[in-house]
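Let's take a walk through this model together. Keep the sequence and the 3D view side by side as we go.

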Amino acid sequence: MMERVNRIIRHPLWKGALQQIEALEKDRDFCRHDLDHFLHVARIAYIENLEQSLDLSKETIYAAALLHDIGRGLQYEKGLPHEDASTVLAQGILTDCGFCEGEKKVIVDAIAAHRNADVARGYDLAGILYRADKASRNCFVCKAETECNWSREKKNTHIKD
Ligand SMILES: [Fe+2]
Ligand SMILES: [Fe+2]
């Protein structure tokens, strides 16, 4: 069932991008964009999918989570917004991993919108990706919390329902 998701984590472009991000973030005080973050996002989104009976496919949720920040290295190096860089990388990776055009569109649209508050309340892939991405951050134990540019409303000051 997770065959195509496992193709993503073996894909050379995905692995290379993750390594590039790791190297560029090694001295970063704020939240990192690593595999732990990607999997936290996937699992939180999947939990909401179950709790709300949204019936979105597990592979689609995991694919979006594993790819949503993959362009972060290009943001650091070339100044591109990382949601745009991630969609470009995701297109090729999803094609190589066997996702069909319809699935690719839903995943890529959700990645493109993951920093856009307009989708924050939706009960679709974009909505659960947006919320899971924010919920994954443990601001309540973060040493850089006071310097972080997230708004007060966005920060997780406690464990939410
Ligand atoms: Fe992001
Ligand atoms: Fe993220």
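Why is helix α4 (residues 58-67) largely enclosed by the rest of the structure? Nine of its 10 residues are buried, so the surroundings wrap most of the helix; buried means under 20% relative accessible area with a 1.4 Å probe and protein chains only. Helices here are DSSP runs of H or I with at least four residues, numbered from the N terminus. This is a predicted model, in which local features need pLDDT of at least 70, side-chain atom pairs count only at pLDDT 80 or more, and totals for chains, interfaces and linings use all residues. Side-chain values use heavy atoms, leaving out hydrogens and water, residues are numbered from 1 along each chain as its sequence is written, and chains are lettered from A and ligands numbered from 1 in the order in which they are written.

The cover over the buried residues of α4 includes α1 (3-10), α2 (12-24), α3 (35-51), α6, α7 and α8. Look at α3: its contact with α4 (heavy atoms within 4.5 Å) involves Phe 38, Ala 42 and Tyr 46, among others, on the α3 side, and residues including Ile 61 and Leu 66 on the α4 side.

Now turn to the iron ion (ligand 1). Its protein donors (N, O and S atoms within 2.8 Å of the metal) are Asp 69 (OD), His 82 (NE2) and His 114 (NE2), at 2.1 to 2.2 Å. His 82 belongs to helix α6 (residues 82-96), while His 114 sits in the loop between α7 (101-112) and α8 (125-135). Both histidines, His 82 and His 114, are buried. Asp 69 also bridges to the iron ion (ligand 2), and the two ions lie 3.6 Å apart.

Methods
Donors are N, O and S atoms within 2.8 Å of the metal (3.2 Å for Na, K and Ca); water is not among the atoms, so sites may look incomplete. Helices (H or I, at least four residues) and strands (E, at least two) are DSSP runs, numbered from the N terminus. Buried means under 20% relative accessible area, exposed over 50%, partly exposed in between (1.4 Å probe, protein chains only).
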